[in-house]
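The following note is offered to a reader who meets this structure for the first time. Please consider the points in order, with the sequence and the model at hand.

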Amino acid sequence: MKTTTLSVTGMKCSHCEANVQNALLAVPGVKLAKADHANNKVDVEYDEQLVKPAQLADAVNALGSYECSL
């Protein structure tokens, strides 16, 4: 398992955090996602054999309300 921190802008509340976390947890290989809107970040633990960081960013960006960068 690997852990990375993604920068996510557009999160304003705990509901936003939940949206981002749920999008990431839906990606096969993601074990844990912990978003923090106050610091514009999300910590993600994932299986690097199943998912790449760019796919994590794509999952968040697909929501449309947030912008994620590596």
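1. Two strands are said to pair if DSSP finds at least two bridges between them. Strand β1 (residues 2-9) and strand β3 (residues 41-46) pair over six bridges, in the antiparallel sense. Within this pairing, T4 has V44 of β3 standing opposite. It should be noted that the model is predicted.

2. The wider sheet may be considered next. Four strands form an open sheet in the order β2-β3-β1-β4, and their pairing is antiparallel. The edges are occupied by β2 (30-36) and β4 (67-69); each has a single partner strand, so one side of each is left without a neighbour in the sheet. On average, neighbouring strands of this sheet are turned by 25 degrees against each other, direction ignored.

3. How is helix α1 placed with respect to the strands? Helix α1 lies across β1, β2 and β3. With β2, the helix makes an angle of about 165 degrees.

4. The helices also meet. The axes of α1 (residues 14-25) and α2 (residues 53-61) come within 9 Å of each other and cross at roughly 135 degrees. Angles over 145 degrees would count as roughly antiparallel and those from 65 to 115 as roughly perpendicular; α1 and α2 are therefore oblique to each other. The crossing in which α1 passes α2 is right-handed.

5. Which residues make the contact between the two helices? On α1 they are V20, A23 and L24, and on α2 they are L56, A59 and V60. By class, this contact has six nonpolar residues, with no polar and no charged ones.

Notes:
Residues are numbered from 1 along each chain as its sequence is written. This is a predicted model: local features need pLDDT of at least 70, side-chain atom pairs count only at pLDDT 80 or more; totals for chains, interfaces and linings use all residues. Side-chain values use heavy atoms; hydrogens and water are left out. Axes are lines fitted to C-alpha atoms, for helices over the stretch in contact, and angles run from 0 to 180 degrees between N-to-C directions. Angles under 35 degrees count as roughly parallel, over 145 as roughly antiparallel, 65 to 115 as roughly perpendicular and the rest as oblique. A crossing is left-handed if the near helix is turned anticlockwise from the far one by less than a right angle, and right-handed if clockwise. Contact means heavy atoms within 4.5 Å. Ala, Val, Leu, Ile, Met, Phe, Trp, Tyr, Cys and Pro count as nonpolar, Asp, Glu, Lys and Arg as charged, and the others, Gly among them, as polar.
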